[in-house]
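User: Hello! I am new to reading protein structures, and I would like a close look at one part of this one.

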Amino acid sequence: MSLNEEETIFNTRLIEEVLEAYPAKAKKRRQKHLTVAKAPDTEADPGALSECSVKSNIKSIPGVMTIRGCAYAGSKGVVWGPVKDMVHISHGPVGCGHYSWSQRRNFYNGTTGVDSFVTMQFTSDYQEKDIVFGGDKKLKKILTEIDELFPLNHGTTIQSECPVGLIGDDIESVAREQKKISGKTIVPVRCEGFRGVSQSLGHHIACDVIRDWVLDQDGNQIPFEPSPYDVNILGDYNIGGDAWSSRILLEEMGLRVIGSWSGDATLAEIERAPKAKMNLIHCYRSLNYISRYMEEKHGIPWMEYNLFGPSQIAASLRKIAENFDDKIKEGAERVIAKYQPLADAVIAKYRPRLEGKKVLLYVGGLRSRHVVNAYTDLGMEIVATGYEFAHNDDYQRTGHYIKEGTLIYDDASTYELEKFIEAIRPDLVGSGIKEKYAVQKAGIPFRQMHSWDYSGPYHGYDGFAIFARDMDLAINSPVWGMFKAPWKTAA
């Protein structure tokens with residue numbers, strides 16, 4: 001029996017055991033979200049290593065502790081929040097704004113409070129009277145005060161929280177009225193948390209308002225001299241400086257990055273996006289919507305790329321270069337040749353310490369597949385992976401990264417994840433802050449794969465060196481030898 005067959009049998013039994021704890025109805029629903037990667041149909045999906053077919057993007061079961069976020073988190077926390085020269089109002093009670101305040105480590109250049117506002121929190125602080133009588137007047141006052149206090153801001157977004165949608169405040173009319181007064185871009189975002197099944201709809205809503213309220217608007221046609229090598233970076237939120245590492249490589253190979261969405265982004269970069277020759281999309285799940293729109297409206301092609309780990313970096317740079325002339329193709333090879341010795345040195349140092357270590361991943365809508373090769377370049381093995389809010393096409397793409405027999409889960413509950421970790425006993429878990437401390441208390445090394453545990457960048461060749469160091473520090477820390485995991489402790 002092959003190793004893949006053994007893993008398939010083990011993981012299939014594990015799923016059955018986990019599902020036994022549920023009532024019949026919940027069991028029937030949840031079993032569609034748990035599977036084991038199967039042998040691929042290479043004719044239907046060339047290049048796939050496995051097939052990962054699960055039910056996804058479905059409403060979580062009430063009463064089951066999901067790890068998902070909401071539409072507000074997807075819009076304000078992911079897409080709009082990193083746009084540095086705009087003020088983003090958390091429109092509603094103070095809680096949503098407070099708990100989403102500066103948690104994603106979106107790095108930026110600028111002077112905070114003068115021309116950049118990423119790490120500042122603005123809220124309309126809804127009270128009971130605002131729920132009863134409406135908050136439109138309060139919103140107008142806030143928009144006026146923002147312009148008085150922060151005159152160098154280039155615009156404002158109104159990020160609606162649940163009560164605003166429930167009482168029916170007309171934020172669109174307020175935005176239009178204030179835009180006439182100030183002359184600045186004001187964007188109303190209907191991202192109330194009750195919309196959709198996860199933060200994924202918040203990404204979609206954010207893209208829709210960019211389409212309707214920012215792109216191709218009268219009065220924002222900034223003078224621009226195009227070049228044949230203009231590209232946009234989409235879906236890189238500059239966590240720990242990731243977008244800067246990506247930008248260095250693209251510009252070294254001869255491309256001109258005219259916009260970065262939305263890490264370290266400005267409103268002007270978003271406005272001129274339709275001038276690009278190509279959109280390069282890192283986080284497919286969050287910004288594929290606007291990429292498809294610009295392809296249909298402006299004829300701009302797009303492609304997904306991956307700069308995690310040297311094997312994927314080289315493959316992505318070459319794939320990008322294929323869309324341009326020989327100058328860019330030669331530039332890509334030059335960049336790869338320049339940095340490969342760095343990657344080889346990192347692998348030579350850390351692979352002997354990490355070879356054969358098992359990794360379990362559970363991240364948002366992208367990294368559960370994108371980081372796979374960064375681990376495998378170091379000789380590590382992905383034994384289980386899943387997403388909080390992925391769609392069916394994300395799982396199809398995942399099949400190009402993971403092998404047959406890998407455990408796959410969608411919107412895993414706290415219970416499911418704990419049981420999977422107990423049974424598989426990985427050497428490392430990569431997930432979010434909600435899971436971090438429970439996993440560490442179980443005696444298992446952990447890395448926070450949403451915001452890099454206060455480290456980073458992880459993109460690019462420089463980022464790979466930091467990634468390898470951090471994984472080594474997590475797994476080989478002497479602290480893990482000082483206590484035993486619960487299942488290793490005698491009863």
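Is E422 buried, partly exposed or exposed, and what is its relative accessible area?

Analyst: Happy to help! A word on the source comes first: this is a predicted model, in which local features need pLDDT of at least 70 and side-chain atom pairs count only at pLDDT 80 or more, while totals for chains, interfaces and linings use all residues. Residues are numbered from 1 along each chain as its sequence is written, and side-chain values use heavy atoms, leaving out hydrogens and water.

Now to your residue. E422 is partly exposed, because its relative accessible area is 36%. Buried means under 20% relative accessible area, exposed means over 50%, and partly exposed is in between (1.4 Å probe, protein chains only).

E422 also has a partner: it forms a salt bridge with K419, and the closest N and O atoms are 3.8 Å apart. A salt bridge here is a side-chain nitrogen of Lys or Arg within 4 Å of a carboxyl oxygen of Asp or Glu. Side chains of opposite charge can pair when their charged atoms come close. K419 counts as partly exposed too, with 34% relative accessibility. Both residues belong to helix α18 (residues 414-424), where they sit three residues apart, about one turn of the helix. Helices are DSSP runs (H or I, at least four residues), and strands are too (E, at least two), numbered from the N terminus.

How does this pair fit into the wider picture? The structure holds 31 salt bridges. One of them joins the side chains of E333 and R318, at 2.8 Å from N to O. This pair links distant parts of the chain, with E333 in helix α14 (residues 326-354) and R318 in helix α13 (residues 310-321), 15 residues apart. E333 is partly exposed at 38% relative accessible area, and R318 counts as partly exposed at 36%.

Another salt bridge brings together the side chains of R190 and E192, at 3.2 Å from N to O. Here E192 counts as buried, since its relative accessibility is 0%.

Salt bridges can also join up into something bigger than a pair: R285, E304, R369, D393, D394 and R397 are linked in a network of them.

So, back to where you began: E422 is partly exposed, and its salt bridge with K419 lies within helix α18.
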